[in-house]
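Biologist: Hey, got a minute to go through this one with me? I'd like to pick at a few spots in it.

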Amino acid sequence: MAEFLKRKGTTISQVAGGGRTEKPLLKAGNAYHKYRVKRNCWCKHQAFLNSKMASQSDSSRVGSSTTNGEAPPDRKIALITGITGQDGSYLTEFLLNKGYQVHGLIRRSSNFNTQRINHIYIDPHNAHKARMKLHYADLSDASSLRRWIDTIRPDEVYNLAAQSHVAVSFEIPDYTADVVATGALRLLEAVRSHIADTGRSHIRYYQAGSSEMFGSTPPPQSEDSPFHPRSPYAASKCAAHWYTVNYREAYGIFACNGILFNHESPRRGENFVTRKITRAVGRIKIGLQSKLFLGNLQASRDWGFAGDYVEAMWMMLQQEKPDDYVVATEESHTVEEFLEVAFGYVGLNWKDHVVIDKRYFRPAEVDNLKGDSSKARKVLGWKPRVGFEQLVKMMVDEDIELAKREKVLVDAGYMDAQQQP
């Protein structure tokens, strides 16, 4: 602790002396504890990535449950793009619980981006327990996709990676189309060519679709509803959808499209409206924030829990024939309703804190998305377990705890509560 205080320009005697007694010392002690936790987390992250990425040689890429590094014949191998995202983390947990060996493709980043899966990571040197492995690749790099498919030899491929923020897609349309649309085509082609070269025709492919593809099509939207995309992201997802259908029909690949309506969780990115709201509720309740700036409050969405939806992804690939499915709760709620539940849950009135900012309105709005998931319920036997209010309260609970931890650092002077006014 002395070293920590020295870095901050403070000595032990300065903290404890001069009439400043237990409270300053406790404050410094708490801050020191947080500093040590943060430093230890950084060190663990560094070791985490180094051990994961440094030596994924042929002997350790394919498996970790036998002495020669190959998976036992009865254990399925899944390859997930977008494994570090919300859906990827829940799907990884689900597949590991099913006994799968899971491989994830991640982009190289100068910042750590594996926080959603750190809790399920096991060092690959622990060969009999490490059933999740990560590899560097990118949907914009066809050679890396083909190389890892040839090396890993997966039984199931889940393409969840995307530039998935609708509003941002208007700002970076070229990149969005390259990753979301052409990226899916690159992965499909890698799977097709791998099957052609190896004869492993049992491989099954899942393509993550989006309710945004329906756009201005009136609700309820089902598999038979026409697409009318209203953003570069949605248009790119439509292309990925039809690429998947084409490869299924042209090459006989077992390829499914999952048209998932909005699905949220405490792991949702903070720049998505649902998490932006619950994050603000936590900070406002704890006293770190006073205002929340939003756009269109009348947009209506079919919101479900991401943990429920990843099970539907897996169910699609367990069927006898490939097909496309809408996954939805069949309930629609406006952003204003979300605000009422979130703020009301902690005894606040959202109207006292929400400010409308026109910069958050989209160039082309999608007014109402409400799914008809009767096909998935009948054929797959899937249905949602978490309701709308339960979902919102789950997210608020997590973000209140996050705000409490943040306040400790703010009160100690080691963080500035400057995200929002």
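Modeller: Sure. Let's start in helix H8, where arginine 192 and glutamate 189 are 3 residues apart, which means about one helical turn separates them. Keep in mind that this is a predicted model.

Biologist: OK, what do arginine 192 and glutamate 189 form?

Modeller: A salt bridge, with the closest N and O atoms 2.6 Å apart.

Biologist: Is arginine 192 buried, partly exposed or exposed? And what about glutamate 189?

Modeller: Arginine 192 is partly exposed, at 22% relative accessible area. Glutamate 189 is partly exposed too, with 28% relative accessibility.

Biologist: How many salt bridges are there by this rule?

Modeller: The count is 23 salt bridges. One of them joins glutamate 311 to arginine 385, with 2.8 Å between the closest N and O atoms. Glutamate 311 sits in helix H11 (residues 306–316) and arginine 385 in the loop between helix H13 (374–380) and helix H14 (388–411), so this pair ties together parts 74 residues apart in sequence.

Biologist: And glutamate 311, buried or exposed? Same question for arginine 385.

Modeller: Glutamate 311 counts as buried, at 13% relative accessibility. Arginine 385 is exposed, with a relative accessible area of 57%.

Biologist: What about glutamate 330 and arginine 377, what do their side chains meet in?

Modeller: Also a salt bridge, at 3.8 Å from N to O. That pair links distant parts of the chain, 47 residues apart: glutamate 330 is in the loop between S11 and strand S12 (333–334), and arginine 377 is in helix H13. Glutamate 330 is partly exposed at 29% relative accessibility, and arginine 377 is partly exposed with a relative accessible area of 29%.

Biologist: Which residues do salt bridges with shared partners join into one network?

Modeller: Glu270, Arg275, Arg279, Arg283, Asp399 and Glu406.

Biologist: Switching topic. In what order do the strands of the open sheet come?

Modeller: The order is S3-S2-S1-S4-S5-S6-S11, which makes 7 strands, and the pairing is parallel. S3 and strand S11 (324–327) are the edge strands; each has a single partner strand, so one side of each has no neighbour in the sheet. On average, neighbouring strands are turned by 20° against each other, direction ignored.

Biologist: So how many of the residues of strand S3 are buried?

Modeller: 4 of the 5 in S3 (residues 132–136), so the strand is largely enclosed by the rest of the structure. S3 pairs with strand S2 (residues 101–106) in the parallel sense over 5 bridges. Within that, tyrosine 136 in S3 is the bridge partner of isoleucine 106.

Biologist: And how many bridges join strand S1 to strand S4?

Modeller: 4 bridges, with S1 (residues 77–81) and S4 (residues 156–159) running parallel. Alanine 78 stands opposite glutamate 156 in S4.

Biologist: Which strands does H6 touch where it packs on the sheet?

Modeller: S1, S2 and S3, and its direction makes about 150° with that of S3. Helix H8 (residues 173–198) packs on the sheet as well, touching S1, S4 and strand S5 (204–208), with its direction at about 175° to that of S5.

Biologist: Which residues of H6 are buried?

Modeller: In H6 (residues 142–152), Ser144, Leu145, Trp148, Ile149, Thr151 and Ile152 are buried. They cover an arc of only 165° around the axis, so they lie on the same side of H6. Just after H6, arginine 153 takes a positive phi of about 55°.

Biologist: How many residues of helix H5 are buried?

Modeller: 10 of its 12, so H5 is mostly covered. Tyr90, Leu91, Phe94 and Leu95 are among them. The end C-alpha atoms of H5 (residues 86–97) are 17 Å apart, which agrees with the 16 Å that its 12 residues should span at 1.5 Å a residue. Just after H5, glycine 99 has a positive phi of about 95°.

Biologist: Last one: where does histidine 241 lie?

Modeller: Histidine 241 is in helix H9 (residues 232–251). It is buried, at a relative accessible area of 5%. Leaving aside its neighbours within four places in sequence, histidine 241 is in contact with Met213, Phe227, Asn257, Ile259 and Asp324.

Definitions and conventions
Residues are numbered from 1 along each chain as its sequence is written. This is a predicted model: local features need pLDDT of at least 70, side-chain atom pairs count only at pLDDT 80 or more; totals for chains, interfaces and linings use all residues. Side-chain values use heavy atoms; hydrogens and water are left out. Buried means under 20% relative accessible area, exposed over 50%, partly exposed in between (1.4 Å probe, protein chains only). Helices (H or I, at least four residues) and strands (E, at least two) are DSSP runs, numbered from the N terminus. Two strands pair if DSSP finds at least two bridges between them. Contact means heavy atoms within 4.5 Å. The arc is that of the directions from the helix axis to the C-beta atoms. Axes are lines fitted to C-alpha atoms, for helices over the stretch in contact, and angles run from 0 to 180 degrees between N-to-C directions. A salt bridge is a side-chain nitrogen of Lys or Arg within 4 Å of a carboxyl oxygen of Asp or Glu. The expected span of a helix is 1.5 Å times one less than its number of residues.
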